[in-house]
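Me: Could you walk me through this structure bit by bit? I'll ask, you explain.

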Amino acid sequence: MKKINLVLFGTGNVGSKLVHQVLQARKILQEKEGLEINIPVIANSTIAFFQKENQQPSWETDLEKFGFPYKLNDILEYVRQQNYENLIAVDATASEEFVDHYFSLIESGFHIVAANKVANTRSSQFYLELRKKLREHHKFFFYETNVGAGLPIVETLRSFHRSNERVTKVRGVFSGSLSYIFNTYCAEEKAFSEVLSEAGVKGFTEPDPRVDLSGKDVARKLLILGRELGLEKEFEEITIQDLVPPHLNGQSTLKNFHEKKKDLDPIFLKLKKELKQDEVIRHVGELDLQTGILDVKLVTEKRTSALGSLQNADSSFEIFTESYGEQPLVIKGAGAGAAVTARGVLTDLIKLAEKLPS
Ligand SMILES: NC(=O)c1ccc[n+]([C@@H]2O[C@H](COP(=O)([O-])OP(=O)(O)OC[C@H]3O[C@@H](n4cnc5c(N)ncnc54)[C@H](OP(=O)(O)O)[C@@H]3O)[C@@H](O)[C@H]2O)c1
């Protein structure tokens, strides 16, 4: 039986779903894949819980009851003493600082699986240094969920790139929250601010919806895909249409934004009125490999097109390559959500395990 040992950082939406999915899939993975997944350490930003083997079912209560404040070195020392094989650090945080630990983790024998996008969107210098460190220590780094949650976008692009299939363009609705907002706004007679509030209530937007409206999250995803295809770009080089008007952005508080979000209504109503009957507004990311331009913007689409016919909070990615010609390969589906993201992380873990020794 092959064993992998996870140290899970982050017990929020994705991390907690992942533990449940691992526990649920455990028996079947042992029987069908000959793979045993253990999670000896679970940590959030302040406390860590060290588990005894096969004692996961009550982990949420145990984390609260028996978890204690920790430093990364405590965990590194613990796994060293326990002599765990096939160690994998799972980054289910959204933390900028946690990524600084990647180098220590790799040096201490960890592979990394990340839902967190930060490591892949820092400077090119960091991006390359991380890969150098991984190579030096013969470690793997999987991050399929960085773009499109559980949808196989990174893997598909990487496969094209490796097989020398020239990808010319990637275009799509990258954000589940912005997908929901514009799909609903264009289909219903509601004010933009009302749709925005609904999206918040349904849990599609970040607590501060300006994070979504700023377009930065989509830009990060574009950068990750561009780099996957060998494009050397920095975040600052991406053209981003910020949907938040200047007086509600920057210095203004979230409370102020919510009080004045009706100011957005005339802006988007004007755009809606300019549409032809068979058109809708969509928020897209576009990566042009021929010009090297990365663009995040609102566009007008035919209702019947792949992007125009999107529903709910679905994402859709169109990949144009030499062999696919004018007709892109389209990958479409839920591009956000804790369950699909955790499943994507679990898939990464299983793929990584295939590369590790028994
Ligand atoms: N949700 C989605 O649909 C989706 C899709 C694709 C990718 N992702 C990515 O998945 C990641 C997790 O998302 P989420 O929705 O689960 O976030 P979340 O609910 O906010 O959970 C974040 C978790 O990370 C922990 N954390 C923060 N800093 C940490 C640190 N330095 N060390 C250890 N743990 C730390 C937090 O602990 P505390 O509670 O102690 O602060 C919390 O448990 C994010 O990077 C997100 O962008 C999410």
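Me: How far is a nitrogen atom of the ligand from a polar backbone atom of Asn44?

Reply: Remember that we're looking at a predicted model here. The contact pairs a nitrogen atom of the ligand with a polar atom from the backbone of Asn44. A polar contact needs N or O atoms within 3.5 Å, and this pair comes in at 3.4 Å.

Me: What share of the ligand's area does the protein bury?

Reply: Start with the ligand taken alone: it exposes 900 Å². Put the protein back, and the part of that area it buries is 70%.

Me: Which residue has a polar backbone atom 2.7 Å from an oxygen atom of the ligand?

Reply: Gly12 has a backbone contact with a ligand oxygen too, but there the distance is 3.2 Å. The one at 2.7 Å also goes to an oxygen atom of the ligand, and its backbone partner is Thr93.

Me: Which residues come nearest to the ligand?

Reply: There are 20 residues around the ligand, so we need a shortlist. The ones that come nearest are Thr11, Val14, Ser45, Thr93 and Gly337.

Me: How many residues in the shell around the ligand are charged?

Reply: Sort the shell by class: 12 of its residues are polar and 7 are nonpolar. What's left is the charged class, and its count is 1.

Me: Which residues does UniProt give as "binding site", and why do they gather at one spot?

Reply: The feature comes from an unreviewed UniProt entry, and it names Thr93 and Lys117. They span 25 residues in sequence, but in space they gather at one spot, because no two of their C-alpha atoms are more than 9.3 Å apart. As for the names you asked for, they're Thr93 and Lys117.

Me: Which side chain has a polar contact of 2.7 Å with the side chain of Thr93?

Reply: Thr93 sits in the loop between β5 (87–91) and α4 (102–107). Beyond its neighbours within four places in sequence, Thr93 is in contact with Phe9, Gly10, Phe98 and Asn116. The side-chain polar contact of 2.7 Å, though, is with Asp91.

Me: Is Lys117 buried or exposed?

Reply: Lys117 is found in the loop between β6 (111–114) and α5 (118–121). Once you leave aside neighbours within four places in sequence, its contacts are Asn146, Asp217, Arg220, Lys221 and Ile224. Its relative accessibility is 18%, and the cut-off for burial is under 20%, so Lys117 counts as buried.

Me: Where is Asn83, and is Asn83 buried or exposed?

Reply: Asn83 isn't a glycine, yet it has a positive phi of about 55 degrees. Its place is in the loop between α3 (72–82) and β5. The relative accessible area of Asn83 is 66%, and the exposed class starts over 50%, so Asn83 is exposed.

Me: What about Ala149: buried or exposed?

Reply: Ala149 has a positive phi as well, about 50 degrees, although it is not a glycine. You'll find Ala149 in the loop between β7 (141–142) and α7 (153–162). Its relative accessible area is 4%, under the 20% cut-off, so Ala149 is buried.

Me: How far apart in space are Leu178 and Asn312, C-alpha to C-alpha?

Reply: Leu178 lies in helix α8 (residues 176–187) and is buried, with a relative accessible area of 1%. Leaving out neighbours within four places in sequence, its contacts are Asp212, Leu213, Val218, Leu243 and His283. Leu178 and Asn312 are 134 residues apart in sequence, but in space their C-alpha distance is 9.9 Å.

Notes:
Residues numbered from 1 in each chain as written. Predicted model: local features only at pLDDT ≥ 70, side-chain atom pairs only at ≥ 80, totals over all residues. Heavy atoms only, no water. UniProt positions renumbered as here; feature names shortened; annotations may be inferred. Helix = DSSP H or I, 4+ residues; strand = E, 2+ residues; numbered from the N terminus. Contact = heavy atoms within 4.5 Å. Polar contact = N/O pair within 3.5 Å; in protein donor to acceptor, adjacent residues only side chain to side chain. Buried < 20%, exposed > 50% of the residue type's maximum accessible area, 1.4 Å probe, protein only. Near = heavy atom within 4 Å. Areas by Shrake-Rupley, 256 points an atom, 1.4 Å probe, with all protein chains shown as cover. Nonpolar A, V, L, I, M, F, W, Y, C, P; charged D, E, K, R; others polar.
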